[in-house]
Amino acid sequence: MKHSDYEERSHRVYRDTENGLLLGVCAGIARHFDFPVWLTRIAVLALGWFFPFSTIVAYIAAALLMPEHPLHYRGDGDERSFWQSRKHRS
């Protein structure tokens with residue numbers, strides 16, 4: 001198992017600010033439970049319709065308590081090795 005596979009299977013829930021609209025809470029929950037993000041957002045909107053105050057408080061609490069997902073490098077290997085070699089020279 002590669003290191004990135006381990007990070008993806010982590011039991012921790014992170015805010016996904018790269019793919020999120022507001023604070024990344026719905027995107028982070030969807031990523032953790034492997035749900036579509038649109039389905040998670042609709043569920044939050046439905047909860048907000050029936051329980052507006054509770055949903056807003058829970059969303060803000062989740063945004064404050066959930067750590068931001070660490071950024072990952074998504075480029076080709078040559079550029080990654082270049083920047084890693086630059087880091088080791090410093």
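Trainee: Why is Asp 16 called buried?

Mentor: In this predicted model, Asp 16 has a relative accessible area of 4%. Buried means under 20%, so Asp 16 counts as buried.

Trainee: What makes the contact between Arg 31 and Asp 16 a salt bridge?

Mentor: Their side chains meet at 3.8 Å, N to O. The cut-off is a side-chain nitrogen of Lys or Arg within 4 Å of a carboxyl oxygen of Asp or Glu, so the pair qualifies. In general, side chains of opposite charge can pair when their charged atoms come close.

Trainee: Where in the chain do Arg 31 and Asp 16 lie?

Mentor: Arg 31 is in helix 2, while Asp 16 is in the loop between helix 1 and helix 2. They are 15 residues apart, and the pair links distant parts of the chain.

Trainee: Is Arg 31 buried or exposed?

Mentor: Neither word fits, because its relative accessible area is 29% and partly exposed covers what lies between 20% and 50%. Arg 31 is therefore partly exposed.

Trainee: How many salt bridges does the structure hold?

Mentor: Two. Besides the pair of Arg 31 and Asp 16, Arg 15 and Glu 68 meet at 4.0 Å, N to O. Arg 15 sits in the loop between helix 1 and helix 2, and Glu 68 in the loop between helix 4 and helix 5. These two residues are 53 apart in sequence.

Trainee: How do you know which of the words buried, exposed and partly exposed applies to Arg 15 and to Glu 68?

Mentor: Set each value against the cut-offs. Arg 15 has 15%, which is under 20%, so Arg 15 is buried. Glu 68 has 44%, which falls between 20% and 50%, so Glu 68 is partly exposed.

Trainee: Why does Ala 63 count as buried?

Mentor: Ala 63, in helix 4, has 12% relative accessibility. The limit is under 20%, so Ala 63 counts as buried. Its C-alpha is 6.1 Å from that of Val 25, although the two residues are 38 apart in sequence. Over the 90 residues of the protein chain, buried residues make up 17%.

Trainee: What makes Trp 49 exposed?

Mentor: Trp 49 belongs to helix 3 and has a relative accessible area of 69%. Exposed means over 50%, so the label fits Trp 49. With Leu 47, Phe 50 and Phe 51, Trp 49 makes a nonpolar surface patch of about 560 Å².

Trainee: Why is Asp 34 called exposed?

Mentor: The reasoning has the form used above. Asp 34 has 69% relative accessibility, and the cut-off is over 50%, so Asp 34 counts as exposed. This residue lies in the loop between helix 2 and helix 3, and has a positive phi of about 60° although it is not a glycine.

Trainee: Which residues are closest to the centre of the largest pocket?

Mentor: The largest pocket has a volume of about 310 Å³. Of its 17 lining residues, the closest to the centre are Leu 22, Cys 26, Val 44, Leu 45 and Tyr 59. Helix 2, helix 3 and helix 4 each give two or more residues to the lining.

Trainee: How do the residues of that lining divide?

Mentor: Twelve are nonpolar, four polar and one charged. Leu, Cys, Val and Tyr count as nonpolar, so the five residues closest to the centre belong to the nonpolar group.

Key:
Residues are numbered from 1 along each chain as its sequence is written. This is a predicted model: local features need pLDDT of at least 70, side-chain atom pairs count only at pLDDT 80 or more; totals for chains, interfaces and linings use all residues. Side-chain values use heavy atoms; hydrogens and water are left out. On a 1 Å grid over the protein atoms alone, a cavity is a set of points where a 1.4 Å probe fits but cannot get out, and a pocket is an open set with protein on both sides within 12 Å along at least five of seven lines; lining residues have an atom within 4 Å of a point. Grid points are joined across faces, edges and corners, and a volume is the space filled by probe spheres set on the points. Helices (H or I, at least four residues) and strands (E, at least two) are DSSP runs, numbered from the N terminus. Patches are made of residues with over 30% relative accessible area and no salt bridge: like charges are joined within 9 Å, nonpolar side chains (Val, Leu, Ile, Met, Phe, Trp, Tyr) within 5 Å. Accessible areas come from the Shrake-Rupley method with a 1.4 Å probe; for residues, only the protein chains shown count as cover. Buried means under 20% relative accessible area, exposed over 50%, partly exposed in between (1.4 Å probe, protein chains only).
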